[in-house]
Structure formats: structure tokens, C-alpha cells
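Welcome to this short tour of a protein model. Take a moment to look over the sequence and the fold, and then we will walk through some parts together.

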Amino acid sequence: MTEADRPRPLKEANRLTQLLDAYHGTDRFDRHPVDIQFLALEYSKQIAPQSPIVTVEERNLKGCMGALVYSETKPRQWGIAYHKNQSPGRKAFTLGHEFGHYILHRNLIESDEQYNGGLYCNEESILQRNGKGIEKEADEFAATLLMPFHDFRRQLPANERPDFQRLSALAKRYGVSLTAAILRWLEYTETRAMMVVSNEGYALWARSSGPAIKSGRFIRTKETVFELPAAASAKRRLFTEGTKTGLVQPAEAWGFPEGLVEMCIRSDRYDQEITLIHFEGSAPVFVREETDLEDTYDRFVNNGQAPVMPLRQHRGFGSRR
């Protein structure tokens, strides 16, 4: 397979999105999210009947969130595994990520000896969407399929600043985690915003919107320890309705040139806090010459509209059973 013939994440996800829209209607998310497990099993039978995904199951994957594995015999039979005790939202994105590897990379995984029977994906590449190469492609596929922009933008316009209640409603709409929904919003928002995931007063990782990065509003968490400022709600372990809906902080609170609105909630299940920061006003825009920033936003590439393929008449195709 040449580079030109290699499947592209946005094109393949958009193709499936068109199929689901045609079959269920463009208002399908009003009724249910994508049933990614059922879709992976059924769609793989259509596009590769000799080498489909035959099982999706929970496993104890130490150090990993998900895996795509194949059988020793040929033609290959494929399986998706997800680490135990994931919330339904995290599980959905993990399955979408591994399904993306199947659609995009199964020939590579099967032929390259470095994978040795399968591909195992860690938390950084799935939960944080901070992978490179094929991991980034699988994330793009999953996000596009589970949270298509044509619906997401209608629910939350690019110029609006949401609170956790609104973002949680979107996470429920798409059947994903709150973190996944926030990351998707940060990809297209025209506002300057930043999400910080922390524990015990230290940032585990952070992500800024494109406009925030361009105005220098980001923090570094790679290869460095970032201690939250003393005034941060997560640092003070202040988790109230007020901090959840928004607390006005002065410029000196986080060390940025302007004031901001800080929202903070805590997840006891995962022992971490999520802080969402909306920067006030508009700042002079300049482009940082940084090569080691996190993958703060994806560049949107128009891959064209793929033609709609005939659907096999299956009542449950892509829906919850």
C-alpha cells in the first residue's frame, strides 16, 4: 500500500458518520450516542468479511487502556480489549481509538514485527490525546466518529464559553467522558480557554485552545513539574457549587496578564481534579515558536465528502441495542 492509498482518519470517520446520518438521521444524537462496540463488530464484517473484529472484551491490561490484537492463524481474526473498570465514557473513547487502529492500521500492525501480535495503547495516547503518529490518527478517528463537528458545533457554537453543566450534557449526548468532550470543544472554540487535570496540587497535564496558545496562555507539563498556584481551587481543595460554576480570579492568581474565570470539579473515582479556565478580554496575538508544546489542538483538514455506500439492512446498525 502506497502512502497515497493509506486510509486517512478524518476521511474514514467522516465516511462512517455519513453512513450513520443516512441510516438514522442527522438528529440521531438526540436519541442515543454511537454504539461503538456494536458498530466495530458489524462494520468490520462488511469491509473485511474474511478478517473482521470478532470480539470486544474487558481485560486486565497493565499499563494500557486498550489494545487491538489479532489471531495467529490466517486469515486474521481481530479483537479489541479495554482495561477493566473504565467508566462508560472512557470505555467508549478507548473502543473508538482501537476501532480506528483497525480501520486505519491493521495492515501495518499485521506486517510489522515490532507489534508482535497486536498494538497496546497507554493512557497518554487515549485519555490525554497526546499520542504521535498512528496513535494521534486513531484519536482523530475516534473523536470525529463519536463527536462529529457538524453536531457538536450546533450544540455549542465556537464563540460561546460553556460551564461544566453544559459540557457534561454534551459528554452524555455523545456517550464519552467529560474530559473527552472538553478536548473536542477546545479543538474548535474561538475563545481563549485552558483545561488543567491535576492531583494533590500538581498538574498532570494541560491543554489550551488554539486562540489561547496564540496569545501565550498555556502551561508546560512535559518533562517538568507544574505546581498549581496557591489561589487555585484545586490547590485549596475547594470544591463547591461556586467553584463548579465559575470563580473570578485576578491576574496574579495564575500568573497571567489578565483576570480569568476558573471552574473546578473533582473526580473521586479517578482521584483527580479538572480545572477549566476562561481568559477574560482579548490579548495581543503572537505566535510562540515552540516545538515541544502538547498537542493542544488539531488543524482541521477538509478531506472532502466521501460518497455514501449502501448500508446492509441491519436494524441495529450503529445504534444501541
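Which residues in helix 7 meet which residues in helix 8? On the helix 7 side they are Phe164, Leu167, Ser168 and Ala171, and they meet Leu178, Ala181, Ile182 and Trp185 in helix 8. Keep in mind as you read that this is a predicted model. The points below start with this pair of helices, move on to a sheet, and end with two single residues.

**The helix pair**

- Helix 7 covers residues 164-174 and helix 8 covers residues 178-188.
- The two helices pack at an angle of about 105°, and their axes are 8 Å apart.
- Angles of 65 to 115 degrees count as roughly perpendicular, and helix 7 and helix 8 are therefore roughly perpendicular to each other.
- Sorted by class, the contact of helix 7 with helix 8 has 7 nonpolar residues, 1 polar residue and no charged ones.

**The sheet as a whole**

- Look next for an open sheet of 5 strands, which has the order 6-5-9-8-7 and antiparallel pairing.
- Strand 6 (202-208) and strand 7 (247-249) stand at the edges with a single partner strand each, so one side of each has no neighbour in the sheet.
- On average, neighbouring strands of this sheet are turned by 25° against each other, with direction ignored.

**How the strands are joined**

You can follow the pairings across the sheet, starting from the strand 6 edge.

- Strand 6 and strand 5 pair in the antiparallel sense over 6 bridges.
- Within that pairing, Ser198 stands opposite Ala203 in strand 6, and the bridge partner of Met195 in strand 6 is Arg207.
- The hairpin of strand 5 and strand 6 has 2 residues between the strands, and Glu200 there takes a positive phi near 55°.
- Strand 5 (residues 193-199) is also joined to strand 9 (residues 272-279) by 6 bridges, and these two strands run antiparallel.
- Two partners in strand 9 are worth finding: Ile277 is the bridge partner of Met194, and His278 is the bridge partner of Ala193.
- Strand 9 pairs with strand 8 over 8 bridges, again in the antiparallel sense.
- Strand 8 and strand 9 form a hairpin with 4 residues between them, and Asp271 in the turn has a positive phi of about 55°.
- Strand 8 (residues 260-267) is joined to strand 7 by 3 bridges, and the two run antiparallel.
- At this edge of the sheet, Val248 stands opposite Val261 in strand 8.

**What is covered in the sheet**

- In a regular strand the side chains alternate between the two faces of the sheet.
- How many residues of strand 5 are buried? The count is 7 of its 7 residues.
- Both faces of strand 5 are covered, with Ala193, Met195, Val197 and Asn199 buried on one side and Met194, Val196 and Ser198 buried on the other.
- Strand 6 is mostly covered too, with 5 of its 7 residues buried.

**A closer look at Met263**

- Met263 lies in strand 8, and its bridge partner in strand 9 is Leu276.
- Is Met263 buried or exposed? Met263 counts as buried because its relative accessibility is 6%, and buried means under 20%.
- Met263 and Lys244 are 19 residues apart in sequence, yet their C-alpha atoms are 5.1 Å apart in space.
- Leaving aside residues up to four places away in sequence, Met263 touches residues including Pro162, Asp163, Phe164, Thr243, Lys244 and Ile274.
- One of these contacts, Phe164, takes you back to the helix pair, where Phe164 is among the helix 7 residues that meet helix 8.

**A closer look at Glu258**

- Glu258 lies in the loop between helix 12 (251-254) and strand 8.
- Glu258 also counts as buried, because its relative accessibility is 14%.
- Which side chains does the side chain of Glu258 contact? A polar contact of 2.8 Å joins the side chains of Glu258 and Arg192, and a polar contact of 3.0 Å links the side chain of Glu258 with that of Arg217.

Definitions and conventions. Residues numbered from 1 in each chain as written. Predicted model: local features only at pLDDT ≥ 70, side-chain atom pairs only at ≥ 80, totals over all residues. Heavy atoms only, no water. Pairing = 2+ DSSP bridges. Axes fitted to C-alpha atoms, helices over the stretch in contact; angles between N-to-C directions. Buried < 20%, exposed > 50% of the residue type's maximum accessible area, 1.4 Å probe, protein only. Parallel < 35°, antiparallel > 145°, perpendicular 65-115°, else oblique. Contact = heavy atoms within 4.5 Å. Nonpolar A, V, L, I, M, F, W, Y, C, P; charged D, E, K, R; others polar. Polar contact = N/O pair within 3.5 Å; in protein donor to acceptor, adjacent residues only side chain to side chain.
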